[in-house]
Amino acid sequence: MEETYPQKPRKTRFAKILSVSTTILLIVAVVFCFTVVFQIQTRHYVSIFGFSIFRVVSDSMEPAIPVGALILNQETDIEKIQVGDIICFRSMESYMNGNIVTHRVVDMKTIDGKIALTTRGDSNNSEDRYYVVADNFIGKVIAVTGEDSFLLNAYSVLTSGIGFFTLIIIPVVILSAIILHENLKKIQKEMKKLREEMAAQMKEAQDSQLHGSDIDSFNSDQHSFEDQNLQ
């Protein structure tokens, strides 16, 4: 009668997909966190696929852009900018310390073969003192939120230290711990399996040596018996 042995349950396709998806999600989350931190340290703002979100803190563009509104900026070539566009750029004013400004383009010139934009806030009486050139140009404003929108509230929470730590850092750490735990379990299983295989091979080798010793002893005894008969 043929003996049957219980088979180990195979990992379902859903479980495999879930494991791969979780790993990919973790990698994306870690890359995102490093990208955000790196850009904040170098640029002082975050750009994802060429898009950035800024919050307006002055009334220089009212009523078109009220204080507190969010603006969506898209990186583009300065050559594509036209008079009337609202752009984001780094201020060259000494007292602004390179802060980001959002003003409207009111004139365009070419100086030494390079485009120079003249800007002004809609509610300001005078133009900005310095031209916007490729070196301090960031991009064009393509969307503006209201003063009290869901996106604005979500942005406020996410950009706060506690919000970013709670919504981004903690989930990434937890997810990393789960995946690390699962991988350690797999490694332990593989090591245990390897140890069992090595032990089985050593036992098989020892049994083979013992069996060979018994045969040698038997042959030796047989030859001794034959020798005695010959005498």
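When I say two residues are in contact, or that they touch, I mean that they have heavy atoms within 4.5 Å. I'm starting there because Thr 102 is my way into this structure, and the description of Thr 102 is a list of contacts. One caution before we go in: this is a predicted model.

So, Thr 102. You'll find Thr 102 in strand 4. Is Thr 102 buried or exposed? Thr 102 has a relative accessible area of 13%, and the cut-off for buried is under 20%, so Thr 102 is buried. And what does Thr 102 touch, once we leave out residues up to four places away in sequence? The list is Ser 60, Met 61, Ile 65, Ile 71, Ile 86, Ile 87, Cys 88 and Val 141.

Several of those names come back in the next part. The largest nonpolar core has 11 residues, and Met 61, Ile 65, Ile 71, Ile 86, Cys 88 and Val 141 are among them. The core also includes Tyr 45, Phe 54, Val 56, Ala 69 and Ile 138. Strand 3, residues 86-90, and strand 6, residues 137-144, each put at least two residues into this core. There is also a second, separate core, with 9 residues, including Ile 78, Ile 87, Phe 89 and Phe 137.

Let me stay with Ile 65 for a moment. If you skip the neighbours within four places in sequence, Ile 65 is in contact with Val 56, Ile 71, Ile 86, Thr 102 and Val 144. So there's Thr 102 again, this time seen from the side of Ile 65.

Okay, let's step back to the whole chain. There are 3 helices and 6 strands, and along the sequence they come in the order α-β-β-β-β-β-β-α-α. The chain has 231 residues, and 23% of them are buried. Take the contacts between residues at least 6 apart in sequence: 53% of those join residues at least 24 apart. On the outside, the chain exposes about 17400 Å², with carbon and sulfur atoms supplying 59% of that.

Now strand 1, residues 51-55. In a regular strand, side chains alternate between the two faces of the sheet. Which residues of strand 1 point to the buried face? Those are Ser 52 and Phe 54, while Phe 51, Ile 53 and Arg 55 point to the other face and are not buried. Strand 1 runs antiparallel to strand 2, and 5 bridges join the two. Phe 54 stands opposite Ile 71 in strand 2, and both of these residues belong to the largest core.

On to charges. Side chains of opposite charge can pair when their charged atoms come close. How many salt bridges does a search of the whole structure find? It finds 3.

One is between Asp 85 and Lys 140, at 3.8 Å from N to O. Asp 85 is in the loop between strand 2 and strand 3, Lys 140 is in strand 6, and they are 55 residues apart. Asp 85 is buried at 14% relative accessibility, whereas Lys 140 is partly exposed at 30%.

Another joins Glu 93 and Arg 129, with the closest N and O atoms 3.4 Å apart. Glu 93 is in the loop between strands 3 and 4 and Arg 129 in the loop between strands 5 and 6, so this pair ties together parts that are 36 residues apart in sequence. Glu 93 is buried at 13%, but Arg 129 is exposed at 67%.

Then there's Arg 104 with Asp 122, where the closest N and O atoms are 2.7 Å apart. Arg 104 sits in strand 4 and Asp 122 in the loop between strand 5 and strand 6, 18 residues apart. Here both partners are partly exposed, Arg 104 at 23% and Asp 122 at 33%.

That same loop between strands 5 and 6 also holds Asn 136. Asn 136 is buried, with a relative accessible area of 7%. Leaving out residues up to four places away, Asn 136 touches Phe 89, Arg 90, Met 92 and Tyr 131.

Last stop is the surface. Leu 180, Leu 184, Ile 187 and Met 191 form a nonpolar patch there, with about 380 Å² of accessible area together. Leu 184 is in helix 3, residues 161-230, and is partly exposed at 42%.

How values were computed
Residues are numbered from 1 along each chain as its sequence is written. This is a predicted model: local features need pLDDT of at least 70, side-chain atom pairs count only at pLDDT 80 or more; totals for chains, interfaces and linings use all residues. Side-chain values use heavy atoms; hydrogens and water are left out. A nonpolar core is a set of buried Ala, Val, Leu, Ile, Met, Phe, Trp, Tyr and Cys residues joined through side-chain atoms within 4.5 Å. Buried means under 20% relative accessible area, exposed over 50%, partly exposed in between (1.4 Å probe, protein chains only). Helices (H or I, at least four residues) and strands (E, at least two) are DSSP runs, numbered from the N terminus. A salt bridge is a side-chain nitrogen of Lys or Arg within 4 Å of a carboxyl oxygen of Asp or Glu. Patches are made of residues with over 30% relative accessible area and no salt bridge: like charges are joined within 9 Å, nonpolar side chains (Val, Leu, Ile, Met, Phe, Trp, Tyr) within 5 Å. Accessible areas come from the Shrake-Rupley method with a 1.4 Å probe; for residues, only the protein chains shown count as cover. Two strands pair if DSSP finds at least two bridges between them.
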